[in-house]
Structures are given as structure tokens and as C-alpha cells.
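Reader: I'd like to go through this chain with you, one question at a time. Could you show it first?

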Amino acid sequence: MATKIPNGTTTEMETFLPRDESAINGNVTTYKVTKDNDLEAASVDYDPFKARVLDHPVTNCDTLTHLLKASLGTGILSMPAAFKASGLVLGIFATIAVSVICTHCAYILVASAHELYKKAGKSSMSFAEVAEQACRRGPKWAKKFGWIARQTVLWGIFITYFATCSCYTVIIARNILYVTDQYYGENSFNVRYVVALLLVPLVLLAFVPNLKYLAPVSMVANVCMALGLGITFYYLVKDVPPPSERPAVANDLSTLPICISVVIFAIEAIGVVMPLENNMSTPRSFVGLCGVLNQGMSFVTLVYIVLGFFGYLRYGEATDESITYNLPKGEIAAQAVNILVAIAVFCTYGLQFYVCLDIAWSQIKDKFVKRETLANYVMRSVLVSLSVLIAVAVPTIVPFVGLIGAFCFSILGLMCPVFIEILTFWGKGYGFCYWKIIKNVIIVFTGFLALIFGSKSAIQDIVKLFTD
């Protein structure tokens, strides 16, 4: 729509509608009507997927590959410890249950995003933007919480990935010690000293300017992890005892929250769901019964169950916090596994750290316009130093992993998607006998259990580490 205005005069319409500067022609000004102006006519027949323009669209097959790489991380090495905390049979059911819940939460996040694309007139959104738009496009009482929802998700992702970086530092150090102990004697080096020595290499890795140059590093990590897991599987199925020698259910069920927390940490990939969907050429294929999400998570769950089951079956109560520490130290192949895993985790640290860097830098970059490059690299050094200091303070894996899974992923991966779904479809009904509400209550309840009992068990283990 257009209106004729005298030079220098502001019309009432100009007060409320954003001017489309590209359409100014003489004295005729064109105003851009969008859904943000609450004009329903602007949203008629809007197809966000046709409006999406990608320079490098990703196929379903490539998206599946990226999802597998994101989900099959270092958490898989702690799966036997999760089975140890739950029992051989209960571990299978616990892993399946957690996987179903986590996959469903990722599913409803994407489904809610697809609905919000149409309401907001956007073709793609980040996780934080989805949370914000769910509030702003939801019921009246929720609109004022849009900014809070965005910041909660944004900093939730930051804390999760930052804590993961600290955990990765411990994993690298312990895998190095596994090899050095064989040649220099048990406990010849303190794990805290090894973690501290990693500071300089990790800072140099963090100085890699952008993701483009981290791609070869990521490829090295994938190859090393694949080789390490392949050799590990060989040891797990070698001389395996009968299942009857292991308890089907753990004798002490007070350790079950640790199992659930570790599985959540290992299997959760909520942080990569929206970036993957945003770059798909056919985003509708991400969800659905046989969609990319369900295919990928089904395979991931199967691999985690197999490794957890055979790891605990093979080593029983002697199962360590990372299964690679149970491999025979005197054998070259076992030492190669730990070296490969250390290299893989070191390379993966760069990718995990980049998520933290991107979030933190976006908050402060406007304050350092004159010395942007210097400030950026100072911040990289500070963040890496903090992650290493945390690892020096808490040089253990299972309690660390359990705390991240219980506190971070239970909120970010379970509760947030549920609240987003409720707000997105507010007023549209919740199914027969309100089954969606019942389902969401169960998920939130599970999240609270993981948050409270998982965090409690992890913190107790960390405190025990300092008091013993």
C-alpha cells in the first residue's frame, strides 16, 4: 500500500509501520506490512519452506550423517558405567525410555518451529528464537516472557557446551595417563598436572578463526573416534562371560539417577536440531514416522545399548567411568584406542568451544568496535582458561557427565521443548482426553527427577572426591 505525503511530513501510518526504504520513489513511500504488525492479511498462504533460500542446501542423507556425528559423541564411552549403575536388563529399558523422551522432545521442538515459521513470517529460526516466538505468539500472559525465554535457552546452551568442554579436558588427560602409566608406572603423573598442561594446546586450537578451518579438524576427530570404537568393540566381545553373571537390576537402585543422567548426556543432541533443520533442502523430512530424526536416533540408541550392554557384561563391577580405561594396558592396540580417543576429543573440543564463543562474543562485540580482533582472542583465551580450571578442580568423568546431563540437558532438552509446544499450540486443543497435556506432564516430571536426583548424586560424588 502507498500514500502520498508532502516532503518532511510524517503520517500516522509511518508511526506504526516500518518503511521499506528500497521502495521510495520520489514522493511516494511504500510501507512493508509484515506479521509483526499484527495484520493477518500478510500471513495468508505463506509457505516458509518455499520462502527459504539456502546457498548450500543439505540433503536428507547429509543431515542424517551430521545428526549421527553429533549424537555419537564421547558420551558413548561412559555407557557401560551407566549400565553398571542400573543393571544389565534395566539399563536397556532405561536407555530406550530416555531415548524415546529425548527424541520426542526434539520432534516437538521442530514441529513447533514449523508452526511458528508461519505465524512469524520467517523461514528459519534458532532454538532461542523459537522459544522467544513461542511466547510472543502464544497467550497474552506469556508475551512478556519472550526475552527471558530467549536468554534462558541461549545461556542454557552456553553453560551446557562450556561444561562439556571442561569434561572433554578431563577425558583427554585421563586417556593420556592410561598410556603413560604403562611406561612410567602407576600414578606417575597427577591428572591435574596433565589437565593444566593442556591449556596451551587448547588455547591454540581455540585461536582457529572460524568453522571453515575447523572442518579438517572435525574430520580427524571422526576418523580417530571410529577407529577407537572399532577396536574397543573387539575387546568387548572377546572372552565375554554369560549374562547370568551380571545382575539384571542393580542391587542399589539409588545409583539409577546416575544411569539416567549419563544416558541423557550421551544421547541428547538438542543443540544441533534447529541448525540441522534450518539447512535442509526438504525440512519437512526431518520429522515424521520415518523422518531423519527418528532414523538417526533409532540407530544411535541401538549402538549405545550394544556398547553399554557388552561393556558392563565384559567387565562387571570393575567397569570404569570410561570403557577405554578397562582395556588391557600392556597391549599396543588398547593403548592405540586411548591415544585415538584423546586425539578425537581434543579435535572435538574446538567445535564445542565454538558454540560458547559465538554466544559470548555476540553479547559483547558491540563494546569493542575499535579493537575487535584483540578483544575476540582475549575472550577465547579467558574462556579456555576457565574451562581448564574447572577441569583441574573436578578431574573426574562420570560425576561431571552426570551433572551436565542432569542439570543442563534435563532443562534444555526436556523441559524447554515441552513449554514451547504448549505455548505454540495454545488454544488449538491438546488431543483426545488432553493426552498431550498428560504426556507433557510425564516428560516434565521425568526432567525434574533427572534434575534433582541426578544432580544430587553427581554433586555427592564430586564432594566425595575432595573429602576422600
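Author: Let's start with one residue and its neighbours. Leaving aside positions within four places in sequence, Val153 is in contact (heavy atoms within 4.5 Å) with Phe127, Ala128, Ala131, Leu412 and Cys416. Before we go on, this is a predicted model, where local features need pLDDT of at least 70, side-chain atom pairs count only at pLDDT 80 or more, and totals for chains, interfaces and linings use all residues. Residues are numbered from 1 along each chain as its sequence is written, and side-chain values use heavy atoms, with hydrogens and water left out.

Reader: Is Val153 buried or exposed?

Author: Val153 sits in helix α7; helices here are DSSP runs of H or I with at least four residues, strands are E runs of at least two, and both are numbered from the N terminus. The cut-offs are under 20% relative accessible area for buried and over 50% for exposed, with partly exposed in between (1.4 Å probe, protein chains only). Val153 has 2% relative accessibility, so it counts as buried.

Reader: How far is Val153 from Cys416 in space, C-alpha to C-alpha?

Author: Cys416 is one of the residues in contact with Val153. In sequence the two are 263 residues apart, yet their C-alpha separation in space is 7.8 Å.

Reader: How many residues of helix α6 are buried?

Author: Helix α6 covers residues 127-136 and is mostly covered. The buried ones are Phe127, Ala128, Val130, Ala131, Glu132, Gln133, Ala134 and Cys135. Out of ten residues, the buried count is eight.

Reader: Back to α7: are α7 and α15 parallel or oblique to each other?

Author: Helix α7 (residues 146-184) packs on helix α15 (residues 372-393) with axes 8 Å apart and an angle of about 60°. Axes are lines fitted to C-alpha atoms, for helices over the stretch in contact, and angles run from 0 to 180 degrees between N-to-C directions. Under 35 degrees counts as roughly parallel, over 145 as roughly antiparallel, 65 to 115 as roughly perpendicular and the rest as oblique. The pair is therefore oblique.

Reader: And how many charged residues does the contact of α7 with α15 have?

Author: From α7 come Phe158, Phe162, Cys165, Ser166, Thr169 and Val170, and from α15 come Leu383, Leu386, Ser387, Val388, Ile390 and Ala391. Ala, Val, Leu, Ile, Met, Phe, Trp, Tyr, Cys and Pro count as nonpolar, Asp, Glu, Lys and Arg as charged, and the others, Gly among them, as polar. That splits the contact into nine nonpolar and three polar residues, and the number of charged ones is none.

Reader: Which residue lies 7.7 Å from Leu389, C-alpha to C-alpha?

Author: Leu389 is in helix α15 and, at 56% relative accessibility, counts as exposed. Its partner is 193 residues away along the chain, and at 7.7 Å between C-alpha atoms that partner is Ala196.

Reader: What about α4 and α13: parallel or perpendicular?

Author: Helix α4 (residues 79-86) and helix α13 (residues 292-315) have axes 7 Å apart and pack at about 65°. That makes the pair roughly perpendicular.

Reader: Which residues of α4 meet α13?

Author: On the α13 side we find Tyr304, Ile305, Leu307, Gly308, Phe309, Gly311 and Tyr312. By class, the contact of α4 with α13 has eight nonpolar, two polar and one charged. On the α4 side, the residues are Met79, Pro80, Phe83 and Lys84.

Reader: Which residues does Phe407 touch, beyond four places in sequence?

Author: Phe407 lies in helix α16 (residues 398-424) and counts as partly exposed because its relative accessibility is 43%. Ala458, 51 residues away in sequence, is 9.9 Å from Phe407, C-alpha to C-alpha. The residues Phe407 touches are Leu451 and Ser455.

Reader: Which residue other than glycine has a positive phi, near 55°?

Author: Most residues other than glycine have a negative phi. The residue with the positive value is in the loop between α10 (211-236) and α11 (256-267), and at 62% relative accessibility it counts as exposed. With phi near 55°, it is Asp239.

Reader: Last one: what share of the chain's residues counts as buried?

Author: The chain has 17 helices and two strands. Of its 468 residues, the buried share is 49%.
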